[in-house]
Amino acid sequence: MFVRRIAVVGTGYVGLTTGACLASLGHDVVCADVDAAKVERLRRGEIDILEPGLAELVAEGMAAGRLTFVLGATSAMRHTAEGPEVMFLCVPTPMGVGGVADLSIVEAVVEEVRELLPPGCVVVNKSTVPVGTAERTAELLARDDVAVVSNPEFLREGSAVYDFLNPDRIVVGGSQQDAAERVAALYARLGAPTVLTDAPSAELVKYAANCFLAMKLSYVNAVAELCDRLGADITDVTEGMGYDKRIGQAFLQPGPGWGGSCLPKDTSAMLQLADAADFEFRLIRATIDTNTRQRQRMVEKVRLAVTGKRGGSLSHKRIALFGLTFKAGTDDLRDSPALAVAALLRQAGADLVGYDPALRPDNPHPDLTGVTVVDDPYLAAKDAEAVVVLTEWPEFRSLDWSRLAESVSRPTVIDTRNLLDPAVARRGGFEWIGIGKS
Ligand code: UDX
């Protein structure tokens, strides 16, 4: 296997996972970040993101001398005399004005390394970037002896290391076939199917895949609403659907809507991309609207359960929220459906007390405003008119629901994730209300 000298610019969950995993595949990797304090922490092996297995891989890579952390992209270019053979751009591309991805950080890094890149180096866009970014990057570089390829990642938060080392596929796109093949060869040991294509197609794979996942979830949430109205059971319906190999069982779990740092950003970026190409992508519009409606539907379920009537007032009703992160297995609150539901409940005048296994009571996150965060689910439930399960943390299943029933003022649980065993909650004295489970 070829051992490549690789530079990774940006050490967020994509960059750090990419760097540590490529080092674990035997490559020599230097990771760069502009945050000096973070670089110092990384050099001490301190990881500030919740990703199973990542800290161990970083420690292994550093111990083996295959993984190094430096301050700034320029230092990464000068880390070895020959310079990197491949440079990964893993910097943030946040949602900019009008939902268009903001590429200013990508462009700043390209400008910084433009003259430092050794001849023959391949620049790889791994961040989620709009179609046409590889071409734009090549224009900015204005180097005939440096190729640019797109190599999107499909990592899920909470299982990024596993997803990197067990990919469903590798996608590499570029106008120079040999450069694309060299990047694909970095992953050879993983033995995954590889899609070698042009850059615009590779860039679009990322959006198309994420938007399809969001669409699948909005669809199953809409079917769950139909189940509520028709008296059907969403669990059986999705099981019946999922045996069709063309549908599959994955991503058919209804909930309070989808969120996180990727799906919301990528669906709105896809809408922008389509609009810019004079194409009204109604399916994506409907996917986003259905997701917004799903959060409101959760509030109406709580309102009906607590007040006994549609439109009843939730003013000063104490509601316990179980789970605040956008999904289980992460401490990430970005675009969390749980916090979107909390904001709507707060607007309705409810008093909110929240518990999440990944959060400390003093977490300063702005989206937690108006939610009293405690570090004990039993305390959160105290005097509550209802308990609302919003994130699918497995530990909620093994709580003592009889003890909770003694603590709440009304033993009602609205399980927006269909996480709990209804029989266990009922044995504990709770009325259990699920999604699409009339
Ligand atoms: C997603 C994509 O899965 C990943 O491939 C891409 O690289 C980045 O975006 P992530 O943001 O970590 O990953 O979240 P994911 O696990 O996909 O969940 C997204 C949202 O959908 C979460 O809010 C989750 O709770 C929700 N979800 C997921 C459901 O409601 N039901 C499901 O069956 C699966």
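**Exercise 1. Place alanine 338 in the predicted model, decide whether it is buried or exposed, and find how far its C-alpha atom lies from that of phenylalanine 326.**

Solution. Begin with the secondary structure: alanine 338 belongs to helix α13, which covers residues 337-347 in this predicted model. Next, take its accessibility, which is 0% in relative terms, and because buried means under 20%, alanine 338 is buried. Finally, compare sequence with space: alanine 338 and phenylalanine 326 are 12 residues apart along the chain, and their C-alpha atoms are separated by 6.4 Å.

**Exercise 2. Aspartate 28 and valine 3 are to be compared in sequence and in space; state also the element in which aspartate 28 is found and how accessible aspartate 28 is.**

Solution. Aspartate 28 is found in strand β2, which comprises residues 28-33. Its relative accessibility is 36%, a value that lies between the limits of 20% and 50%, so aspartate 28 counts as partly exposed. Along the chain, aspartate 28 and valine 3 are 25 residues apart, while from C-alpha to C-alpha the separation in space is 6.9 Å.

**Exercise 3. Check whether the span of helix α1 agrees with its number of residues, and work out how far the helix is enclosed.**

Solution. Helix α1 runs over residues 13-24 and has 12 residues. The expected span is 1.5 Å times one less than the number of residues, which for α1 gives 16 Å; the C-alpha atoms at its two ends are 16 Å apart, so expectation and model agree. Turning to accessibility, 11 of the 12 residues of α1 are buried, and the helix is therefore largely enclosed by the rest of the structure. Among these buried residues are Tyr13, Leu16, Cys21 and Leu22. Just after α1 comes glycine 26, whose phi is positive, at about 105°.

**Exercise 4. Repeat the span check for helix α11, and say how many of its residues are buried.**

Solution. Helix α11 covers residues 263-276, and its 14 residues should span 20 Å at 1.5 Å a residue; since the C-alpha atoms at its ends are 20 Å apart, the two values agree. In α11, 10 of the 14 residues are buried, so that the helix is mostly covered. The buried set includes Leu263, Met270 and Leu271, and also Lys265 and Asp266.

**Exercise 5. Describe the backbone and the accessibility of histidine 316 and aspartate 335.**

Solution. As background, most residues other than glycine have a negative phi. Histidine 316, which is not a glycine, nevertheless has a positive phi near 60°. Histidine 316 sits in the loop between α12 (282-307) and β9 (318-322), and with a relative accessibility of 64% it counts as exposed. Aspartate 335 also has a positive phi, of about 45°, although it is not a glycine. Its place is in the loop between β9 and α13, where a relative accessibility of 35% makes aspartate 335 partly exposed.

**Exercise 6. Characterise the aromatic pair of tryptophan 401 and phenylalanine 430, and state which parts of the chain it ties together.**

Solution. The model contains six aromatic pairs. In one of them, tryptophan 401 and phenylalanine 430 have ring centres 5.1 Å from each other and planes at 90°, and because an angle over 60 degrees counts as edge-to-face, the pair is edge-to-face. Tryptophan 401 lies in helix α15 (residues 401-407) and phenylalanine 430 in the loop between α16 (422-427) and β14 (431-433), so the pair ties together parts that are 29 residues apart in sequence. Both partners are buried, tryptophan 401 with a relative accessible area of 3% and phenylalanine 430 with one of 4%. The two residues also form one aromatic cluster with Phe322, Tyr355 and Phe396.

**Exercise 7. Describe the shell around the ligand, its polar backbone contacts and the extent to which the protein buries the ligand.**

Solution. There are 20 residues around the ligand, of which Leu155, Glu157, Gln253, Lys327 and Arg417 come nearest. By class, the shell has 11 nonpolar, three polar and six charged residues, and helix α9 (residues 199-230) gives the most to it, with four residues. For the backbone contacts, a polar backbone atom of phenylalanine 154 is 3.1 Å from an oxygen atom of the ligand, a backbone N or O atom of leucine 155 lies 2.8 Å from a ligand oxygen, and for glutamate 157 the corresponding distance is 2.6 Å. Taken alone, the ligand exposes 670 Å², and the protein buries 92% of that area.

How values were computed. Residues are numbered from 1 along each chain as its sequence is written. This is a predicted model: local features need pLDDT of at least 70, side-chain atom pairs count only at pLDDT 80 or more; totals for chains, interfaces and linings use all residues. Side-chain values use heavy atoms; hydrogens and water are left out. A residue is near a molecule or strand if one of its heavy atoms lies within 4 Å of it. A polar contact is a pair of N or O atoms within 3.5 Å; within protein, one must be able to donate a hydrogen and the other to accept it, and residues adjacent in sequence count only if both atoms are side-chain atoms. Accessible areas come from the Shrake-Rupley method with a 1.4 Å probe; for residues, only the protein chains shown count as cover. Ala, Val, Leu, Ile, Met, Phe, Trp, Tyr, Cys and Pro count as nonpolar, Asp, Glu, Lys and Arg as charged, and the others, Gly among them, as polar. Buried means under 20% relative accessible area, exposed over 50%, partly exposed in between (1.4 Å probe, protein chains only). Rings of Phe, Tyr and Trp (its six-membered ring) pair if their centres lie within 6.5 Å; planes under 30 degrees apart count as stacked, over 60 as edge-to-face and the rest as tilted.
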